[in-house]
Amino acid sequence: MDQVILDPYDHNFHWDPYPYYRAARERDPVYFYEPGGFWLLTKWDDVNLAFKDHKTFINTGAQALEKDANEKLPYPLFIASDPPEHTRQRAILAPLMMPAVLSRLEPYIRERTRELLARPLKAGRLDFVADLACYLPMDVISQLINIPVADRDKVRGCADDLIAREDKQTDLSERNVAGYMGLAQYFEEHTARHAAPPFGHDLLGAMLSAQQQGVMTHAEVVGNLILLAIAGNETTTKLIGNMAFRLWEHPQQRQLLAADPALIPKAIEEILRFDGSSHILVRRVAVDVTLRGKTLKKGDRVGLCVISANRDSDKFRNAEEFDITRGSRDHMAFGYGVHACLGAALARLETRVVFEEVMRLIPDYQIEEGGLKRAHNPNVRGFTHVPAHFPKLV
C-alpha cells in the first residue's frame with residue numbers, strides 16, 4: 001500500500017478499513033479527504049486532543065460529515081452544539097441516562113431479548129442483526145421516549161433511510177433527507193400528542209417539561225428525539241452484530257467467555273476498542289490550527305476516526321489483537337470529554353444482557369460468512385445481516 005487512501009464513503013473500505021488506517025497513522029495521520037472536503041484524524045493523540053480542546057474543535061454546525069447537512073437537516077441536535085447550549089440540554093437528559101437509573105430497564109431488556117430469541121432458537125438459525133439487534137435497541141429507546149409498538153418499524157425505517165449511503169456518495173441523497181423529514185414529521189406529531197401535563201418520568205417527559213418551563217425549545221425537543229431514534233438504535237444494533245462476528249472469528253476468546261460469563265463486560269470494552277460501531281465523529285474548526293505540519297482552517301470539517309485511534313499502537317499494547325481479558329475502558333468508542341456519549345451506559349447494558357443470553361443458550365453458534373452484509377455509512381460501521389446456525393433448542 002504505497003499511497004495512503006482513506007475513503008469513508010467507499011463500500012469496500014467499510015469491510016476492513018483497519019489496514020488503511022494503520023497506513024495513515026504511520027504516514028499521513030492528518031489526512032485530507034478531497035472528495036468530501038474534510039480532514040480525517042487517525043492518531044490517538046490527535047483525536048484525544050480534539051475531544052479535549054472543545055473550544056477549537058467545536059460541535060456547533062457539525063451535524064454530519066456532508067457539507068450540505070446543515071441546510072438539509074434543519075432541526076438542532078444537542079450533540080451539534082457547544083457550551084452553554086450543550087450544557088443546558090445535557091443537564092436535562094443526563095440524569096435519566098445514569099447506570100443506576102437505567103438498571104430498572106434490565107428486566108425488560110432481558111425479557112425482550114428472550115422473546116426475540118425464542119423463534120430462532122427453535123429453528124436453529126439466528127441473524128444477529130435482522131432477528132435481534134435491529135429490534136432490541138429500538139424497543140428499549142422506545143420505552144424512554146414513549147414510541148408505541150405499532151410505530152417502531154416506521155421510525156426504524158426512517159432512521160435506516162437517513163443513514164444509508166450509496167457507494168462513493170459524499171452528499172446527502174433524497175432518500176437520506178426523506179428519512180430525516182419522516183422522523184421530524186413523526187416526532188412533531190408525537191410531541192403534540194403528549195404536549196399536555198402530567199409528563200412521564202422518561203426522556204420524552206423530561207424534555208416536554210423543560211419546554212414548558214422555557215428551558216428547551218420545541219425545535220430542540222424534536223431534534224433530540226430524532227437523535228435518540230438514530231443514536232439509540234443504530235450504534236448499539238451495529239455493536240451487537242460486530243461483537244457476535246468477532247467472537248466467532250476468535251474461537252479461543254469465545255471459549256473464554258463461555259467458560260466465564262463474568263468476562264462479558266470486559267469483552268464489551270474490547271469490542272468497543274477493537275471494532276466499535278462509532279466509526280467517525282464530526283467536529284468543525286473554530287480557529288486556524290496546525291497539526292503535524294498541516295493547517296486546518298477555521299470552518300473546516302474534521303472527522304475524528306475513533307476506530308483508528310483505538311488501534312493506535314502508541315496507546316495500546318498489541319493494539320491489533322482482540323483480547324477480551326484486556327478490559328480497557330480508556331478507549332474513545334463513546335467519545336471523550338464534555339461531549340462523551342450520553343447513551344454509553346445504555347449501550348453497555350443492552351449488549352451485556354444480549355451476550356449473557358447468547359452465551360448461555362447458543363455459545364457454539366456458527367456464523368455463515370457468505371451471508372454477511374454491511375451497512376454503509378461513514379459514521380457508523382457494522383452489519384445489516386449476521387446469519388448464524390446452531391443446534392435447535394426445542
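**Close-up views of a predicted model**

**View 1. Three strands make an open sheet.** In this predicted model, 3 strands line up in the order E4-E12-E9 to form an open sheet, and their pairing is antiparallel. Strand E4 (125–127) and strand E9 (366–367) sit at the edges with a single partner strand each, so one side of each has no neighbour in the sheet. Zoom in on E4 and strand E12 (residues 387–389), and you'll find them paired in the antiparallel sense over 3 bridges. One residue to look for is Arg-125, whose bridge partner in E12 is His-389.

**View 2. Asp-288 sits in a loop between two strands.** Follow the chain from strand E5 (280–285) to strand E6 (289–291), and the loop between them holds Asp-288. Is this residue buried or exposed? Somewhere in between: with 46% relative accessibility, Asp-288 counts as partly exposed. Setting aside residues up to four places away in sequence, Asp-288 touches Leu-296, Lys-297 and Lys-298. A polar atom of the Asp-288 side chain lies 2.8 Å from the backbone nitrogen of Lys-298. As for Pro-17, 271 residues away along the chain, its C-alpha atom is 29 Å from that of Asp-288.

**View 3. Helices H13 and H14 cross.** Here the axes of helix H13 (residues 218–249) and helix H14 (residues 251–259) come within 5 Å and cross at roughly 110 degrees. That's why H13 and H14 count as roughly perpendicular to each other. On the H13 side, Met-243, Leu-247, Trp-248 and Glu-249 meet Pro-251, Arg-254 and Leu-257 from H14. Sorted by class, this contact has 5 nonpolar, no polar and 2 charged residues.

Notes. Residues numbered from 1 in each chain as written. Predicted model: local features only at pLDDT ≥ 70, side-chain atom pairs only at ≥ 80, totals over all residues. Heavy atoms only, no water. Pairing = 2+ DSSP bridges. Helix = DSSP H or I, 4+ residues; strand = E, 2+ residues; numbered from the N terminus. Buried < 20%, exposed > 50% of the residue type's maximum accessible area, 1.4 Å probe, protein only. Contact = heavy atoms within 4.5 Å. Polar contact = N/O pair within 3.5 Å; in protein donor to acceptor, adjacent residues only side chain to side chain. Axes fitted to C-alpha atoms, helices over the stretch in contact; angles between N-to-C directions. Parallel < 35°, antiparallel > 145°, perpendicular 65-115°, else oblique. Nonpolar A, V, L, I, M, F, W, Y, C, P; charged D, E, K, R; others polar.
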